[in-house]
Amino acid sequence: MLNASDDPLSSVVTLLKPALSISKMVEAGGLWQVERKNMASPFYCAMVEGVCQLKVSGRTPVTLTAGDFVLIPDLHDFSMTSEVPPELKSPGQPLEIGPGRVRLGPADAPVEMRALVGHCRFETPARDLLVSLLPEMIHISGHERLMALVPAIHDETRADRPGRELILQRLLEVLLIEALRSEPAIDMPPGLLRGLSDPQLATALQRIHSNAGGEISVAGLAKDAGMSRSGFFEKFRKEIGQAPMEYVTAWRMAIARTLLRQGKLNNTEIALRVGYGSASAFGMAFVRHEGLSPGAFAGKR
């Protein structure tokens, strides 16, 4: 469970419980294209060499060059192509050329692009709620720490060493935190990262995330931030994209969902962990937010 010292970004990433699904070195030459649909998974790409085009559904295409890193917390439909896309738009078929290595494009074309690509999953039962706090896409250039982390993850997936799953989880947590805190907050849409860039809102977010079971009110958060109640309310809603207590409830429910699925605490104990005085008060709040009772959610798989 979360420690009281956890900062908001760390607490969100920890609760997401990232786990690796696929890590591969993609090599390509000539004219090539690969397309995937209906994925609903986190995706990252570290460009090692060359150039390619990344097209994500609903977004302007971006050109990726050596040293670029991309993170998409919730990827559904996308395509990657050579810098000049092939005329025929049919998806290419990757050729596996070794463990964790695939080849795209004509077999006789020299390799012009190499990228380390990873797909992972978030094992939290509050996935959608937590992902909504993150930016849709992060594109960073020349970040040495990120570019060093991706090969470490790739290497760990290839080996069969003791502690592999735990190491991968920790490496992915570090990768996510490093990527999320590296993007200039001024470029972000309303959300957690925008809020954390503001010292007054960061103080309030720290209190919410570190003590979800404590007494939290707009007046108390405004006082912590050194602002008037109305000024704090408007600033929080503008920068975070939700009203303060709406955000508090969402965070408490994210923790509650995790505790319910773990099955180690009863409803009274969970209620106290997430700021409700009784199991009945917690149960009513949970039904309002989730649309079903705590018991029904705990038994749902």
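Is Glu-165 buried or exposed? In this predicted model, Glu-165 counts as exposed, because its relative accessibility of 52% lies above the cut-off of 50%.

## A salt bridge between neighbours in sequence

Glu-165 takes part in a salt bridge with Arg-164, and the closest N and O atoms of the two residues are 2.5 Å apart. Its partner is not placed in the category of Glu-165: Arg-164 has a relative accessible area of 23% and is therefore partly exposed. Side chains of opposite charge can pair when their charged atoms come close.

## Salt bridges across the chain

The count for the model comes to 19 salt bridges, and some of them link parts of the chain that are distant in sequence, as the following two pairs show. The side chains of Asp-198 and Lys-235 meet with an N to O distance of 2.7 Å. Asp-198 sits in the loop between helix H5 (192-196) and helix H6 (199-210), whereas Lys-235 belongs to helix H8 (residues 229-240), so that 37 residues separate the partners. With a relative accessible area of 15%, Asp-198 is buried, while Lys-235, at 24%, is partly exposed.

A salt bridge also joins the side chains of Arg-257 and Glu-290, with 2.4 Å from N to O. This pair connects helix H9 (residues 244-262), which holds Arg-257, with helix H11 (residues 279-290), which holds Glu-290, and the two residues are 33 residues apart. Both Arg-257 and Glu-290 are buried. Elsewhere, salt bridges with shared partners bring Glu-27, Glu-49, Arg-101 and Arg-114 together in one network.

## Packing of helices H3 and H4

Helix H3 (residues 144-158) packs with helix H4 (residues 164-182) at an angle of about 160°, and their axes are 10 Å apart. Because angles over 145 degrees count as roughly antiparallel, H3 is assigned that orientation relative to H4. The crossing of the two helices is left-handed.

On the side of H3, the contact is made by Arg-145, Leu-146, Leu-149, Val-150, Ala-152, Ile-153, Glu-156 and Thr-157. The residues that H4 brings to it include Ile-167, Leu-168, Leu-171, Leu-172, Val-174 and Leu-175, together with Glu-178 and Arg-181. Taken by character, the residues of this contact divide into 12 nonpolar, one polar and five charged. Arg-164 is among the H4 residues of the contact, and the residue is also the salt-bridge partner of Glu-165.

Conventions: Residues are numbered from 1 along each chain as its sequence is written. This is a predicted model: local features need pLDDT of at least 70, side-chain atom pairs count only at pLDDT 80 or more; totals for chains, interfaces and linings use all residues. Side-chain values use heavy atoms; hydrogens and water are left out. A salt bridge is a side-chain nitrogen of Lys or Arg within 4 Å of a carboxyl oxygen of Asp or Glu. Buried means under 20% relative accessible area, exposed over 50%, partly exposed in between (1.4 Å probe, protein chains only). Helices (H or I, at least four residues) and strands (E, at least two) are DSSP runs, numbered from the N terminus. Axes are lines fitted to C-alpha atoms, for helices over the stretch in contact, and angles run from 0 to 180 degrees between N-to-C directions. Angles under 35 degrees count as roughly parallel, over 145 as roughly antiparallel, 65 to 115 as roughly perpendicular and the rest as oblique. A crossing is left-handed if the near helix is turned anticlockwise from the far one by less than a right angle, and right-handed if clockwise. Contact means heavy atoms within 4.5 Å. Ala, Val, Leu, Ile, Met, Phe, Trp, Tyr, Cys and Pro count as nonpolar, Asp, Glu, Lys and Arg as charged, and the others, Gly among them, as polar.
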